[in-house]
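Student: I should like a close look at a single part of this structure, taken slowly and with its surroundings. Please begin with one pair of facing residues and work outwards from there.

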Amino acid sequence: MVFEPPTRLVRALGETAPDGDGWLEKLPEAAQQAVALRELTVERVQVPGGRSSLVVLVRRADGTPAVLKLAPGRARPEAERAALAHWGGRGAVQLLEPFATEGVLLLERLHPDVSVRSLPEAKALLEAAGTLRRLWVEPPADFPFETVAERTGRQAEAMRASARRDPEVAQLVDLALGARTELLAAPPDHRLLHGTFRQSKVLSGERMPWLAVGPDPVVGESAFDLARLVRDRVEDLIAQPSGAATTRRRVKRLAESLDVDQERLRGWTLFRAVESGVRAGRVGRPRDAELLLEFASWL
């Protein structure tokens with residue numbers, strides 16, 4: 001089988017590494033080797049797939065359905081492996097092999113086309129939040145993960161550079177960076193977090209109704225993780241005449257349901273929306289940038 005990377009993956013990797021890093025060119029051969037090593041039968045490449053990895057639906061030698069995932073180093077697949085091993089299937093997809101092959105993960109097969117986004121909005125938020133709660137555990141000793149302070153520190157530098165080039169975003173960037181400084185001064189908890197949690201990262205499964213996939217794990221406070229969920233379906237929020245009020249109610253409802261401080265959730269939601277909006281503008285996605293920055297202005 002020819003392992004052709006989906007267009008979405010090629011486009012996304014082009015945004016993060018415009019000059020390329022050779023990973024895509026080597027991907028077909030790497031996928032063939034990973035399949036042969038594990039004696040897998042390939043069903044199909046998942047399309048449109050993710051923005052940071054090739055996902056292949058396979059069967060193991062005993063006929064068990066599974067997922068083979070290949071990701072470049074900049075997507076931090078080894079951190080994902082460590083987080084999935086630590087969760088051990090509790091709230092997240094299960095890792096199926098104990099040994100490590102660089103950039104390759106063999107995972108439990110979920111229903112790749114059925115996420116909580118298929119549910120009505122209120123029900124989707126409820127199910128997603130319940131899944132996220134199960135992931136917030138003590139990190140392992142000597143954890144191999146970034147901290148929230150480290151990750152947002154890198155992001156803050158890029159935000160400042162963008163603000164210098166585009167004065168129109170400078171005010172929101174200043175607000176977001178100010179919020180980050182205050183939030184990092186006294187974080188209330190220290191948990192292993194999914195890192196990139198949203199409704200599309202929660203898939204239907206057989207072992208449990210809903211399980212999280214695709215973490216970019218980080219260690220820090222719970223509000224940071226929940227912040228990304230606040231802006232889910234942002235295009236629908238922007239289209240509503242009452243979008244700003246709906247957003248504020250969502251912050252309050254999610255904070256209360258997961259015992260997270262409402263102001264801390266609002267602050268991290270602001271930071272993460274501005275960071276994503278500025279980054280979208282930087283890589284040539286002006287419509288996404290506009291939506292995210294308008295959303296951020298409501299906070």
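Tutor: In this predicted model, Val45 stands opposite Val56 of strand β2. The strands concerned are β1 and β2 (residues 54-59), which run antiparallel and are joined by four bridges. They belong to an open sheet of four strands, ordered β1-β2-β3-β4 and paired in antiparallel fashion. At its edges stand β1 (41-45) and β4 (104-108), each of which pairs on one side only. From one strand to the next, the twist averages 30 degrees.

Two helices pack on this sheet. Helix α2 lies across β1, β2, β3 (65-70) and β4, and runs at about 145 degrees to β3. Helix α3 touches β3 and β4, and its direction makes about 35 degrees with that of β4.

These two helices also take part in a pocket. The second largest pocket has a volume of about 280 Å³, and 16 residues line it. Nearest its centre lie Trp23, Ala30, Glu102, Gly103 and Val104. The elements that give two or more residues to this lining are α2 (23-38) and α3 (77-87). Of the elements, α2 gives the most, with six residues. By class, the lining of the second largest pocket holds nine nonpolar, four polar and three charged residues.

A further sheet may be set beside the one just described. It is open, has three strands in the order β6-β10-β7, and shows mixed pairing. Because β6 (146-147) and β7 (191-193) stand at the edges with a single partner strand each, one side of each is left without a neighbour in the sheet. Strand β6 runs parallel to β10 (residues 218-220), and two bridges join them. Within this pair, Glu146 stands opposite Val218 of β10. Helix α7 (residues 222-230) packs on the sheet, touching β7 and β10, and its direction makes about 25 degrees with that of β7.

Helix α7 has a helical partner as well. Its axis and that of α10 (residues 262-282) come within 8 Å and cross at roughly 65 degrees, and the crossing is right-handed. From α7 the contact draws on Ala223, Phe224, Asp225, Leu226, Ala227, Arg228 and Val230, and from α10 on Arg264, Leu265, Trp268, Thr269 and Arg272. Sorted by class, the residues in this contact of α7 with α10 are seven nonpolar, one polar and four charged.

Terms used: Residues numbered from 1 in each chain as written. Predicted model: local features only at pLDDT ≥ 70, side-chain atom pairs only at ≥ 80, totals over all residues. Heavy atoms only, no water. Pairing = 2+ DSSP bridges. Contact = heavy atoms within 4.5 Å. Axes fitted to C-alpha atoms, helices over the stretch in contact; angles between N-to-C directions. 1 Å grid on protein atoms, 1.4 Å probe; cavity = no way out; pocket = protein on both sides within 12 Å on 5 of 7 lines; lining within 4 Å. Points joined across faces, edges and corners; volume = space filled by probe spheres on them. Nonpolar A, V, L, I, M, F, W, Y, C, P; charged D, E, K, R; others polar. Left-handed = near helix turned anticlockwise from the far one by under 90°.
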